[in-house]
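I opened this notebook to keep a record of what I looked up, in the order in which I looked it up. The sequence and the structure come first, and my entries follow.

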Amino acid sequence: MVGRSNVGKSSLINALVRQPLARTSAAPGKTRLANFYRVQRAGHPPFYLVDLPGYGYARGGEAARATFDQLAAEYFASHRGATLLLVDSRHPALDADARAWAWLVDHGVTCHVVATKVDKLTQAERRRHLGEMERRYSGPVSAVSAHTGEGLEALWTQIARLLEQPPPTAPPPPPSRSRSISPPSKS
Ligand code: GTP
Ligand code: MG
């Protein structure tokens, strides 16, 4: 999971696995390390959900950008597969998100865009903002709310699709902080 600080990455991981694994906070900059969560769904091969620190938090745009570039470069050099790019649905047109998307695409990372916190939008905003995001990111966008659970089953389906793509060139390194978990299977 990649996204701006405070966009809801850790909350989305917790909502997807229905367990409070990742620490969340109302203050940006909570997640400072890459945290790997090994997910085993019934009938599916295991995979890692990776909670990366958010970009755009450190004061001074350039410094924040350099930090993201360095971390992203290190991480995606060995994990070339696919990622979810989380964008706050209230702010569909931020330069920082467009830059991150362009960077990932340039580096050969398959990027699926997820619109977070859709519970905060009116119906009119939903149409407008989601439409704008699909145009900007040239493809379908998954609309989710970690708070209400909206869109999570559809996102699992999307994740399964991303995982069917050819595997990354190198296996993930042994994570420094990881937990093995079993999210509930579909009811
Ligand atoms: P960093 O670790 O700082 O990069 O942030 P993060 O992207 O992991 O965000 P986090 O999950 O910690 O959530 C940030 C804030 O947004 C918290 O106050 C969450 O409660 C809130 N939040 C996350 N998801 C949702 C959502 O779906 N709806 C609403 N209304 N609030 C949300
Ligand atoms: Mg976080």
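The entries below go from the overall fold to two helices, then to a pocket and a few single residues.

**Entry 1, the whole chain.** I note at the start that this is a predicted model. I counted the elements and found five helices and seven strands in the protein, and reading along the sequence I wrote down their order as β-α-β-β-α-β-α-β-α-β-α-β. Of the 187 residues in the protein, 40% are buried. I also looked up the contacts with a separation of 6 or more, and 70% of these join residues that are 24 or more positions apart.

**Entry 2, helix 5.** I checked the length of helix 5, residues 152-163: with 12 residues at 1.5 Å a residue it should span 16 Å, and its end C-alpha atoms are indeed 16 Å apart, so the two values agree. Which residues of helix 5 are buried? I listed Leu-152, Leu-155, Trp-156, Gln-158, Ile-159 and Leu-162. They cover an arc of only 165° around the axis, and they therefore sit on the same side of helix 5. I then asked what the buried residues of helix 5 pack against, and the list holds helix 1 (9-17) together with strand 2 (35-39), strand 3 (47-51), strand 4 (82-88), strand 5 (110-116) and strand 6 (141-143).

**Entry 3, helix 4.** I repeated the check on helix 4, which has 14 residues and reaches 20 Å from its first C-alpha to its last, close to the 20 Å expected at 1.5 Å a residue. Its buried residues are Arg-126, His-129, Leu-130 and Met-133. These cover an arc of only 95° around the axis, which puts them on the same side of helix 4. On the face turned away from that buried side I found the exposed residues Arg-127, Arg-128 and Arg-135, while the cover over the buried residues of helix 4 includes strand 4, strand 5 and strand 6. Just after helix 4, I noted that Ser-138 takes a positive phi of about 45°.

**Entry 4, the second largest pocket.** The space in the second largest pocket comes to about 390 Å³. It is lined by 26 residues, and the closest to its centre are Asn-6, Val-7, Gly-8, Ser-11 and Lys-117. I sorted the lining into eight nonpolar, 12 polar and six charged residues, and helix 1 gives the largest share, with four residues.

**Entry 5, two residues from the pocket.** Most residues other than glycine have a negative phi. I therefore looked at Asn-6, which is not a glycine and yet has a positive phi of about 80°. Asn-6 lies in the loop between strand 1 (2-3) and helix 1, and it is partly exposed, with a relative accessible area of 34%. Lys-117, in the loop between strand 5 and helix 4 (123-136), also has a positive phi, near 60°.

**Entry 6, a buried and an exposed residue.** Is Thr-83 buried or exposed? Thr-83, in strand 4, is buried, because its relative accessible area of 5% is under 20%. Leaving out residues up to four places away in sequence, I found that Thr-83 touches several residues, among them Met-1, Phe-76, His-112 and Leu-162. Arg-23, in the loop between helix 1 and strand 2, is exposed, because its relative accessible area of 59% is over 50%. From Arg-23 to Lys-9 I noted 14 residues in sequence and 9.9 Å in space, C-alpha to C-alpha.

Terms used
Residues numbered from 1 in each chain as written. Chains lettered and ligands numbered in written order. Predicted model: local features only at pLDDT ≥ 70, side-chain atom pairs only at ≥ 80, totals over all residues. Heavy atoms only, no water. Expected span 1.5 Å × (residues − 1). Buried < 20%, exposed > 50% of the residue type's maximum accessible area, 1.4 Å probe, protein only. Arc of directions from axis to C-beta. Contact = heavy atoms within 4.5 Å. 1 Å grid on protein atoms, 1.4 Å probe; cavity = no way out; pocket = protein on both sides within 12 Å on 5 of 7 lines; lining within 4 Å. Points joined across faces, edges and corners; volume = space filled by probe spheres on them. Nonpolar A, V, L, I, M, F, W, Y, C, P; charged D, E, K, R; others polar.
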